[in-house]
Amino acid sequence: MRLIIMGPPGAGKGTQAKFIAEHFKIPAISTGDIFRANVSEGTPLGIEAKRYMDAGDYVPDEVTNRMVRNRIDEPDAANGFLLDGYPRTVSQVEELDGMIRFTGHRLDAVVCLTVDQDEIVGRLLQRAQVEGRADDTEDVIRRRQEVYLEQTEPLIAIYQERGIVHEIDGSGEVDEVTARIFDALDVIPES
């Protein structure tokens, strides 16, 4: 399965990605995790990414595209993958289409988690306290929500035109959301 999980920051994508990846025996590829690892290691990519992340903005496409292409070319992604945090722009959609087409496959589905914005802000503020995330201040969280609405939400329309979007209510207990996702995905034939 070649999948994307979408939704605003704090919708539960990372949590659900782990369950989906395990269920389909594919790697969950999170650009956010890769960026945070680079930031903590102080790599040149991490230093560049941190500047954007601290402002609540997205890392530039050329950096992100290169990183994703390298990752889905790894052997564990040969039978599929779940992308979390990519694509986030129209040009990234086009880039991903080319990457997948090159492998002779197609994108199977896009899972779109929907959650009330105030619930998301509360979740992220709680996560910031628990995990000590300096990038999760209320101002940055609200800015990321704005950036998501401006730049990423329109991508859902692109995938809706292709008939591969599955909107899933991301509210409630984790296992309830997981069950909703599996109900939607288990009936999809793999490419």
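Which strand is Leu113 found in? In this predicted model, Leu113 belongs to strand 4, the run covering residues 109-114. Its relative accessibility comes out at just 1%, and because anything under 20% is called buried, Leu113 counts as buried. Plenty of partners turn up around Leu113 once its neighbours within four places in sequence are set aside. From the early part of the numbering, Leu113 is in contact with Ile5, Met6, Gly7, Pro8, Ala11, Gly12, Lys13 and Gln16, among others. The list of contacts also includes Ile168, Gly170, Val177 and Ile181. Leu113 can be set against Gly10 too: 103 residues separate the two in sequence, yet their C-alpha atoms sit 9.9 Å apart in space.

Next comes Asp33, a residue of helix 2, which takes in residues 31-41. Is Asp33 buried, partly exposed or exposed? Its relative accessibility is 47%, and since the partly exposed class runs from 20% up to 50%, Asp33 counts as partly exposed. Along the chain, Asp33 and Pro8 are 25 residues apart, and 16 Å separates their C-alpha atoms.

Now for the open spaces. The largest pocket has a volume of about 1000 Å³. Helix 1 (13-24), strand 2 (28-30), helix 2, helix 6 (117-131) and helix 8 (174-185) are the elements that give two or more residues to its lining. How many residues line this pocket? The lining is made up of 40 residues, and those nearest the centre of the pocket are Gly10, Gly14, Arg36, Arg127 and Arg133. Helix 1 provides the largest share of that lining, with 6 residues. Sorted by type, the lining of the largest pocket has 12 nonpolar, 14 polar and 14 charged residues.

Helix 8 also holds Thr178. With a relative accessible area of 10%, Thr178 is buried, because the cut-off for that label is under 20%. Leaving out residues up to four places away in sequence, Thr178 touches Gln16 and Phe19. Gln16 has already come up above, as one of the contacts of Leu113.

Closed-off space is a separate matter. The count of cavities of 30 Å³ or more comes to 1, and the largest cavity has a volume of about 80 Å³. It is lined by 13 residues, with Gly7, Lys13, Gly85, Arg88 and Thr152 closest to its centre. Two of these names, Gly7 and Lys13, also appear among the contacts of Leu113. Strand 1 (2-6) and helix 7 each supply at least two residues of the cavity lining. By type, the lining of the largest cavity divides into 8 nonpolar, 3 polar and 2 charged residues.

Helix 7, running over residues 138-161, also packs against helix 5, which spans residues 90-102. How do the two helices sit against each other? The angle between them is about 40°, and their axes lie 9 Å apart. Angles from 35 up to 65 degrees fall in the oblique class, so helix 5 and helix 7 are oblique to each other. On the helix 5 side, the contact is made by Val90, Val93 and Leu96, while helix 7 brings in Leu155, Ile158 and Tyr159. What kinds of residue make up this contact? The residues divide into 6 nonpolar, no polar and no charged.

How values were computed. Residues numbered from 1 in each chain as written. Predicted model: local features only at pLDDT ≥ 70, side-chain atom pairs only at ≥ 80, totals over all residues. Heavy atoms only, no water. Helix = DSSP H or I, 4+ residues; strand = E, 2+ residues; numbered from the N terminus. Buried < 20%, exposed > 50% of the residue type's maximum accessible area, 1.4 Å probe, protein only. Contact = heavy atoms within 4.5 Å. 1 Å grid on protein atoms, 1.4 Å probe; cavity = no way out; pocket = protein on both sides within 12 Å on 5 of 7 lines; lining within 4 Å. Points joined across faces, edges and corners; volume = space filled by probe spheres on them. Nonpolar A, V, L, I, M, F, W, Y, C, P; charged D, E, K, R; others polar. Axes fitted to C-alpha atoms, helices over the stretch in contact; angles between N-to-C directions. Parallel < 35°, antiparallel > 145°, perpendicular 65-115°, else oblique.
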